[in-house]
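Please walk through this structure with attention to what surrounds the ligand and to one patch on the surface.

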Amino acid sequence: MTEMVLPAIGEPETLQMRQRELPLPAAGEVVIRIEATGVSFAEQSMRRGRYPGQPAFPFVPGYDMVGIVEVLGADVVDVTVGQRMAAVTKIGAWANYIVLPAKDLIPVPEGLAADAAETAVVNGITAWQMMHDLAHVRAGQTILVHGASGGVGGLLVQLARDAGVRVIGTTSSLKLETLRALGAEPIDYRSADLTAQVRALAPGGVDAVFDHLGGKSLHTSWQMLAPNGTLVSYGLATLLDSKVSLIAAFIPHLLRIYLWNILPNSRHAYFYDLWGGKTLRPRKFQQELRASLTQVFDLLAQGRIQAQIACRLPIKRAAEAMRLAESGKVSGKVVLVPDLD
Ligand SMILES: NC(=O)c1ccc[n+]([C@@H]2O[C@H](COP(=O)([O-])OP(=O)(O)OC[C@H]3O[C@@H](n4cnc5c(N)ncnc54)[C@H](OP(=O)(O)O)[C@@H]3O)[C@@H](O)[C@H]2O)c1
């Protein structure tokens, strides 16, 4: 098998192509031929050594994948050779093959292309669970989505519009029209009067805010909520290039959210972590992952939401793909397809 290895903290160009023997699947595992993987925001943090739960170097990046089952290990049930499956891997998917536990696989519906499905794996699960399981957004409500033309943000917009929800979305000036075409009311996130613009569009406040930025944005997001509104924080993207340690930033961030949530103020605040519950209740965790992704896949397969593919590049050009994903010039997901043989 061939894979891309990130040897140490560094620039995307330090990625190295490596070949090794494809391992045999152990009991309960399967070998998958990867058809599509992609660049997630997580790799921007990981290459800087600033991902919460940072993997040890050297490692193979690749947060999620879609591929075809080629070999079954012993005791594998409910999975067949030739089936198209998706999985959240956190690392390891920038390769042409991967060995995974069969229980971690989620079937991709017939007729849904691998690259389209790939755009919805980690991003779709995140968007679905935040919107429906945490914020319980309903038809007729209004929400604010920060970074609404990104991978997660674009899916939040589309899932909300499909559910009959009005969306105000922030984006860079380059992508205002792209965001409008998705059905959101766009605002340039660099505007000096961002809060006033949101207030003008939703004078009574918004019913939910989805904030991946943290820092000062967390406070303004909280202030923009209507009574009974919900703030969902799911990242501290503004800290990417900061010198502040992750622990020193995360502890007050989580504490603030916890306090806002328990104090009597008729609003709710949560921090969403896709991996929450994996260690303590792994079976339920996997059931929820499967249920969420299956709903998003069904919407994609029915054409009710569209895959936002920023571009497709071969995995061996992963460095270029990372640069592009970090450039701020593209909307949606940078998808990687294998041609590593
Ligand atoms: N908690 C979890 O379990 C979980 C799971 C998945 C993802 N995440 C988080 O979700 C976030 C998005 O991930 P992604 O893969 O969708 O990344 P992405 O595709 O790179 O999207 C990030 C978006 O943020 C926008 N942005 C940059 N600066 C901004 C600002 N000052 N105000 C508002 N928006 C701004 C970018 O817009 P421009 O490109 O137009 O500049 C871009 O659209 C990341 O922070 C990631 O860590 C969290």
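The paragraphs below turn to the ligand and then to the surface.

This is a predicted model, in which local features need pLDDT of at least 70 and side-chain atom pairs count only at pLDDT 80 or more, while totals for chains, interfaces and linings use all residues. Residues are numbered from 1 along each chain as its sequence is written, and side-chain values use heavy atoms, with hydrogens and water left out.

Around the ligand there are 20 residues, of which V152, S172, K175, Y189 and L274 come nearest, a residue being counted when one of its heavy atoms lies within 4 Å. By class, this shell holds eight nonpolar, 10 polar and two charged residues. An oxygen atom of the ligand lies 2.6 Å from an N or O atom in the side chain of K175, and an oxygen atom of the ligand is 2.8 Å from a backbone N or O atom of V152. For Y234, a polar backbone atom is 3.0 Å from a nitrogen atom of the ligand. Of the 930 Å² of accessible area that the ligand has on its own, the protein covers 79% (Shrake-Rupley method, 1.4 Å probe). Helix 4 (151–162) and strand 9 (166–171) are the elements that give two or more residues to the shell; helices (H or I, at least four residues) and strands (E, at least two) are DSSP runs numbered from the N terminus.

On the surface, L255, Y258, L259, I262 and L263 make a nonpolar patch of about 500 Å². Of these, I262 is found in helix 8 (residues 246–262), and I262 counts as partly exposed because its relative accessibility is 49%, between the limits of under 20% for buried and over 50% for exposed.

Notes. Patch = residues over 30% accessible without salt bridge, like charges linked within 9 Å, V, L, I, M, F, W, Y side chains within 5 Å. Salt bridge = Lys/Arg side-chain N within 4 Å of Asp/Glu carboxyl O. Buried < 20%, exposed > 50% of the residue type's maximum accessible area, 1.4 Å probe, protein only. Polar contact = N/O pair within 3.5 Å; in protein donor to acceptor, adjacent residues only side chain to side chain. Nonpolar A, V, L, I, M, F, W, Y, C, P; charged D, E, K, R; others polar.
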